[in-house]
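User: Please take a close look at the aromatic side chains of this model and at what surrounds them. I would like one connected account that I can follow with the structure open.

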Amino acid sequence: MLTLIPLPAFEDNYIWVWHDDRHAVAVDPGDAAPLIAYLDAHQLALTAVLITHHHRDHTGGNARLRQRYDCAIYAPDNPRIPDVTHVLSGGDVVDLVKPGLHFEVLATPGHTLDHISYVGHGCLFCGDTVFGCGCGKLFEGNSAMMAASLDAILALPDATRVCCAHEYTLSNIDFAKTIAGDNATLLARERADRALRAQDRPTLPSTLALEKATNPFLRFHEPDMTAFAAAYLNRPHPRPDEVFRAIRAAKDAWDG
Ligand code: ZN
Ligand code: FE
C-alpha cells in the first residue's frame, strides 16, 4: 500500500512524499525540518530524494537529509545541487526498491535549464514547470523551450495526477480569468479550489485533464488562446510557441 501526500513547506511549497508505512521518498525537499517531523511522526525511514531543479526552495534539505538518513539523492546534472548521488537526464529511469517505485525522467527545461520531471504510478512530479492553472517563470530557458517541455507533458494520459511544487492555484486562476473569463470549466475549478483553500487543503494534485481544460499555459494550441495571442501581439497566426510566449508575457505583466 503506497501513500502520496503533499507536505507544506515555507510559504507555499509542497514536498511530495510517497511511503509504504516503513520507507519514504520525497520530491524537492527544500526544507528538511517539516519532512523530518513527518517522517518521525510516522516512523518512516527516508530512502531517496528526487530533485527537479537547482532552486534552493527545492534542494535546501539535501545535506541534512543525506546526513540523517544516508538516502540516495537523484537530481539533474548541475553542480549547484548539493549532495547528489545519482545524476539524471531525460529518458532515464529511476527504480526504487523501498518503497517500490518506478519513474521515468522527462526533460522539462524552461523555468531552469536543468529542470526535469518524474512520471510514474499515474503521477507527474513537475516541480516548477506546471502549476495548478499556471506555469513556472522563464528564469533560464526561452518560450520555445518551455513550449516543447509542455508538449511533452501534454502527451501524458489525461488521468495523470499533476503534483506541482507550489500552491499558486488561486492566483493563477485569477489571471486565467482575465484572458479566458468565459471558460466554464475554469469557473467551476475556481469554486472548487476556493472551497479547498478555505479549509486550508491543497488544490493539488490536479489532473492533466483539468489542466488541459483550464490552464492557459497548456492551452497554447487552442483557438481561443491563439486568438488572445494574436490580439496581444497585434499580428495574425502566431505559432504555438508564440502563443505560449504571449500568455507568459501577459502573466508576467499581470504579476507586476
Ligand atoms: Zn524554481
Ligand atoms: Fe520553486
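Analyst: In this predicted model, counting rings of Phe, Tyr and Trp as paired when their centres lie within 6.5 Å, one arrives at eleven aromatic pairs. One of them joins W18 and F125, whose ring centres are 6.2 Å apart and whose planes meet at 65 degrees, so that this pair is edge-to-face. Since W18 belongs to strand β2 (residues 13-19) and F125 to strand β10 (residues 123-127), the contact ties together parts of the chain that are 107 residues apart in sequence. Both partners are enclosed by protein: W18 is buried at 3% relative accessibility, and F125 is buried at 0%.

A further pair is made by F103 and Y118, with 6.5 Å between the ring centres and 80 degrees between the planes, which makes this pair edge-to-face as well. Here F103 sits in strand β8 and Y118 in strand β9, 15 residues apart, and the pair links distant parts of the chain. F103 has a relative accessibility of 0% and therefore counts as buried, and Y118, likewise at 0%, is also buried. The four residues described so far, together with Y14 and W16, form one aromatic cluster.

The strands that carry some of these rings can be followed into their sheet. This is an open sheet of six strands with mixed pairing, in the order β7-β8-β9-β10-β13-β14. Its edges are β7 (93-96) and β14 (206-207), each of which has a single partner strand, so one side of each is left without a neighbour in the sheet. Strands β8 and β9, the homes of F103 and Y118, pair in the antiparallel sense over four bridges, and in β9 it is V119 that serves as the bridge partner of E104.

The loop that follows β8 leads to the metal ions. The zinc ion (ligand 1) is coordinated at 2.2 to 2.3 Å by H53 (NE2), H55 (ND1), H111 (NE2) and D128 (OD), and the angles of 85 to 171 degrees subtended by these four donor atoms make the arrangement irregular. H111 comes from the loop between β8 (101-107) and β9 (116-120), and H55 from the loop between β4 (45-50) and α2 (56-59), so this pair of ligands ties together parts that are 56 residues apart in sequence. Both are buried, H55 with a relative accessible area of 18% and H111 with one of 3%.

D128 also bridges the zinc ion (ligand 1) to the iron ion (ligand 2), the two metals lying 3.2 Å apart. The iron ion (ligand 2) is coordinated by D57 (OD), H58 (NE2), D128 (OD) and H166 (NE2), at 2.1 to 2.4 Å, and with angles of 84 to 169 degrees among the four donor atoms this site too is irregular. Along the chain, the donor residues of the iron ion (ligand 2) are spaced D-H-x69-D-x37-H. Of the neighbouring donors D57 and H58, D57 is partly exposed at 22% relative accessibility, whereas H58, at 0%, is buried.

Technical notes
Residues numbered from 1 in each chain as written. Chains lettered and ligands numbered in written order. Predicted model: local features only at pLDDT ≥ 70, side-chain atom pairs only at ≥ 80, totals over all residues. Heavy atoms only, no water. Donors = N, O, S within 2.8 Å, 3.2 Å for Na, K, Ca; no water. Tetrahedral: all angles 85-135°; square planar, octahedral: opposite > 155°, others 65-115°. Helix = DSSP H or I, 4+ residues; strand = E, 2+ residues; numbered from the N terminus. Buried < 20%, exposed > 50% of the residue type's maximum accessible area, 1.4 Å probe, protein only. Pairing = 2+ DSSP bridges. Phe/Tyr/Trp six-rings, centres within 6.5 Å; stacked < 30°, edge-to-face > 60°.
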